[in-house]
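Subject: The structure we talked about

Hello,

Here is the structure I promised to pass on to you. Please open it beside this email, and then read on for what turned up in it.

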Amino acid sequence: MNPLPSLPETGSSPVPRHVAIVMDGNGRWAHRRHLPRVAGHKQGVEALRRVVKACIERGVKVLTVFAFSSENWSRPQAEVAGLLDLLAFVLRHEVDKLAEAGVRLHFPGDRRGLSERVVQGLAAAESGTENNHRLVLNVCFNYGGRWDIAQAARRLAAEGREITEKSLSEATSLAHVGDPDLMIRTGGEMRISNFLLWQSAYTELVFSPCLWPDFDAEELDRALAAFAERERRFGQTGEQIRPAAGQHYA
Ligand code: IPE
Ligand code: IPE
Ligand code: MG
């Protein structure tokens with residue numbers, strides 16, 4: 001594995017290296033059109049395709065999306081089945097296209113509860129794209145931030161290793177990419193819903209009312225523009241980051 005650097009950079013930077021997205025609003029998108037919820041999830045795959053392309057064009061290096069949470073198992077059985085079918089469909093039909101575009105795939109999440117066939121498909125997609133470098137795409141499936149922290153701690157304990165911030169970070173399922181710079185949540189809710197709890201300690205948050213199936217390059221650019229306006233201080237003062245700005249206090 002080839003870990004990307006994750007050192008925090010203070011100040012503002014034009015393009016985030018790592019963007020995370022809570023792709024929310026599929027059900028409402030479908031409801032408004034009198035369609036079954038699964039139709040919204042299918043349309044969500046189209047939105048993801050657009051956003052992957054736009055991220056590559058804009059120089060984003062890592063895109064991490066929330067596709068199915070640990071808690072989503074509690075949805076109606078038909079919807080859960082539809083989401084699992086959609087994952088299998090994506091594995092069959094999208095992986096080659098993503099590979100051609102230079103995308104390296106990862107599927108962080110708990111593999112327990114997934115069929116043997118899907119688990120094999122996930123592993124094959126990961127190993128088949130491991131030499132690609134244009135964009136790392138993490139599709140978080142059966143993922144929960146609490147699961148990730150607990151599995152990392154369990155792993156360290158089993159190996160008899162000391163639990164430190166560094167060792168725990170390195171044992172999480174996102175260790176290969178470092179922390180997200182920007183997290184976007186679509187669909188209008190302003191919560192994290194158990195996404196990257198450990199990794200989002202200093203992530204800039206942007207909430208968009210846009211329902212995920214409607215999300216496109218223009219909406220992405222709106223979020224990137226909001227990010228470019230933020231001043232990332234990581235605990236420091238504004239004056240430390242912009243020495244010139246502090247001069248008139250001296
Ligand atoms: C997000 O869309 C997709 C998943 C959680 C799998 P939702 O299905 O949550 O859409 P809303 O929030 O009900 O509109
Ligand atoms: C978060 O959306 C999970 C995904 C987008 C996969 P939810 O729709 O499940 O979140 P809540 O339940 O509204 O918090
Ligand atoms: Mg939702």
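A polar contact is a pair of N or O atoms within 3.5 Å; within protein, one must be able to donate a hydrogen and the other to accept it, and residues adjacent in sequence count only if both atoms are side-chain atoms. By that rule, a backbone N or O atom of N26 makes such a contact with ligand 1, 3.1 Å from one of the ligand's oxygen atoms.

A word on the ground rules. The model is predicted, with local features needing pLDDT of at least 70 and side-chain atom pairs counting only at pLDDT 80 or more, while totals for chains, interfaces and linings use all residues. Residues are numbered from 1 along each chain as its sequence is written, chains are lettered from A and ligands numbered from 1 in the order in which they are written, and side-chain values use heavy atoms, with hydrogens and water left out.

Ligand 1

Two further contacts of ligand 1 are with G27, where a polar backbone atom is 2.9 Å from a ligand oxygen, and with R28, where a side-chain N or O atom is 2.7 Å from a ligand oxygen. Taken alone, ligand 1 exposes 370 Å², and the protein buries 87% of that (areas come from the Shrake-Rupley method with a 1.4 Å probe; for residues, only the protein chains shown count as cover).

There are 13 residues around ligand 1, and D24, G27, R28, R37 and R75 come nearest (near means that a heavy atom of the residue lies within 4 Å). Helix α1 gives the most to this shell, with three residues. Helices and strands here are DSSP runs, H or I of at least four residues and E of at least two, numbered from the N terminus. By class, the shell has three nonpolar, five polar and five charged residues (Ala, Val, Leu, Ile, Met, Phe, Trp, Tyr, Cys and Pro count as nonpolar, Asp, Glu, Lys and Arg as charged, and the others, Gly among them, as polar).

Ligand 2

Which residues surround ligand 2? The list includes V22, D24, F66, N72 and S193. Strand β2 (residues 62-69) provides the largest share of the shell, four residues. Three arginines have polar side-chain atoms by oxygen atoms of ligand 2: R75 at 3.1 Å, R185 at 3.3 Å and R191 at 2.7 Å. Alone, ligand 2 exposes 390 Å², of which the protein buries 78%.

The pocket

Where does ligand 2 sit? Ligand 2 sits in the second largest pocket, and the space taken by ligand 1 is the second largest pocket too. On a 1 Å grid over the protein atoms alone, a cavity is a set of points where a 1.4 Å probe fits but cannot get out, and a pocket is an open set with protein on both sides within 12 Å along at least five of seven lines; lining residues have an atom within 4 Å of a point. A molecule sits in one if more than half of its atoms lie within 2 Å of its grid points.

The second largest pocket has a volume of about 720 Å³ (points are joined across faces, edges and corners, and the volume is the space filled by probe spheres set on them). Its lining has 36 residues, with M23, N26, F66, A67 and F68 nearest the centre. Helix α2 supplies the largest share of that lining, seven residues.

Enjoy exploring!
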